[in-house]
Amino acid sequence: MTARLGALVLTISVLVSPLWGCESDDGGILVIDLRTDYAPGVEVTAIRTVVHRGDAGGPITTTTDTPVFVASPLIDGLRVAETPGLEAGNYLVLTTLLDVAGEVLAEQRTREQVAGNIGVTVLITRSCAGVMCPAADPVATACIGARCEDPRCTPETPQFCSDMGCTDARACDAPAASCAEAQCIAGACFAAPIAGACGAEEACDPESGCVGVGPRCVPVVGVD
């Protein structure tokens, strides 16, 4: 009985060891979420996420296209990419908002150091429209909340941010449209839609107000 048990343990050990080896060799996973105050389904219809190897935009590792609907939670956070199998090192994430014509509406460059599994939240604020970065600091090439910041500045890595930005909505300007209100999210001012401010077949554009979008359809995985 003891000999059989010993043989069984040896067999299990031989089978399990390669699995542990595979897990350690698979590399890290980079999970990317997006928060933006551009109107989903009205201004933004798709998000393209491109992950480059290296700090300066080396070879492309992955490209992910995510469709955007009126019901997509862009202001609260939308998962736009999960990139597994990354070797440890530095990566450049280019997140691009595309409009109904497939043209670039806004984009953000984020630098991440991957060592195991990590998550990053990309912020794209409409207040950055027309802001040219870098300005005084050549390192501050990313725009967050109308200010130029180091591209490593994210809600997860505030130590790379030179300015913590707003602390509450009182520090933010009111949006042009009455269907939206100012919110301070992760140190940046956002123009957030007010629940119930628009009709059942309308959506809030923070610039122009309520616009018609037809019946609201919530996307279901696997259903066109």
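A disulfide joins Cys 198 to Cys 210, with a distance of 2.1 Å from S to S, and this link is a useful place to begin reading the structure, which is a predicted model. The torsion about the S-S bond of Cys 198 and Cys 210 is -85°, and the link is left-handed. The two cysteines sit in distant parts of the chain, twelve residues apart, with Cys 198 in the loop between β11 (188-193) and β12 (202-205) and Cys 210 in strand β13, which covers residues 209-212. Cys 198 has a relative accessible area of 18% and is therefore buried, since buried means under 20%. Cys 210, by contrast, has a relative accessibility of 32%, so that Cys 210 counts as partly exposed.

## Further disulfides

How many disulfides does the count come to? The count comes to seven disulfides, and besides the link already described, two more can be followed in detail here. Cys 166 and Cys 184 form a disulfide with their sulfur atoms 2.1 Å apart. This disulfide is right-handed because the torsion about the S-S bond of Cys 166 and Cys 184 is about 100°. The pair links distant parts of the chain, with Cys 166 in the loop between β9 (147-149) and β10 (180-185) and Cys 184 in strand β10, 18 residues apart. The relative accessibility of Cys 166 is 11%, so Cys 166 counts as buried, whereas Cys 184, at 23%, counts as partly exposed.

Cys 153 and Cys 161 also form a disulfide, and their sulfur atoms lie 2.0 Å apart. The link of Cys 153 and Cys 161 has 95° about the S-S bond and is right-handed, and both of these cysteines are buried. The table sets out the three links.

| Disulfide | S to S distance | Torsion about S-S | Handedness |
|---|---|---|---|
| Cys 153 and Cys 161 | 2.0 Å | 95° | right-handed |
| Cys 166 and Cys 184 | 2.1 Å | about 100° | right-handed |
| Cys 198 and Cys 210 | 2.1 Å | -85° | left-handed |

## The strands and their sheets

The secondary structure of the protein comes to one helix and 13 strands. Read from the N terminus on, the elements begin with α and continue with β. Of the 224 residues of the protein, 37% count as buried.

In what order do the strands of the open sheet of four strands stand? The order is β3-β2-β5-β6, and the pairing is antiparallel. At the edges of this sheet are β3 (60-67) and β6, each of which pairs on one side only. On average, and with direction ignored, neighbouring strands of this sheet are turned by 15° against each other. Within the sheet, strand β2 (residues 46-53) and strand β5 (residues 89-98) run antiparallel and are joined by eight bridges. One such contact can be traced by residue, as Arg 53 has Tyr 91 in β5 as its bridge partner.

Another open sheet is formed by three strands in the order β4-β1-β7, and here the pairing is mixed. The edge strands of this sheet are β4 (78-86) and β7, and each of them pairs on one side only. Neighbouring strands are turned by 20° against each other on average, again with direction ignored. Strand β1 (residues 28-36) pairs with β4 in the antiparallel sense over six bridges, and the bridge partner of Leu 30 in β4 is Thr 83.

## The cavity

Rolling a probe the size of a water molecule over the atoms shows where empty space is left. For this model the count comes to one cavity of 30 Å³ or more, and about 60 Å³ of space lies in the largest cavity. The largest cavity is lined by 13 residues, of which Gln 108, Thr 110, Ile 144, Cys 153 and Thr 154 are the closest to its centre. Cys 153 is thus a point where two parts of this report meet, as Cys 153 also forms the disulfide with Cys 161.

Which strands each supply at least two residues of the lining? These strands are β6 (104-114), β7 (118-124) and β8 (142-144). Two of these names have come up before, as β6 is an edge strand of the sheet of four strands and β7 is an edge strand of the sheet of three. In terms of residue character, the lining of the largest cavity divides into seven nonpolar, four polar and two charged residues.

Note on methods: Residues numbered from 1 in each chain as written. Predicted model: local features only at pLDDT ≥ 70, side-chain atom pairs only at ≥ 80, totals over all residues. Heavy atoms only, no water. 1 Å grid on protein atoms, 1.4 Å probe; cavity = no way out; pocket = protein on both sides within 12 Å on 5 of 7 lines; lining within 4 Å. Points joined across faces, edges and corners; volume = space filled by probe spheres on them. Nonpolar A, V, L, I, M, F, W, Y, C, P; charged D, E, K, R; others polar. Pairing = 2+ DSSP bridges. Axes fitted to C-alpha atoms, helices over the stretch in contact; angles between N-to-C directions. Disulfide = S-S within 2.5 Å. Buried < 20%, exposed > 50% of the residue type's maximum accessible area, 1.4 Å probe, protein only.
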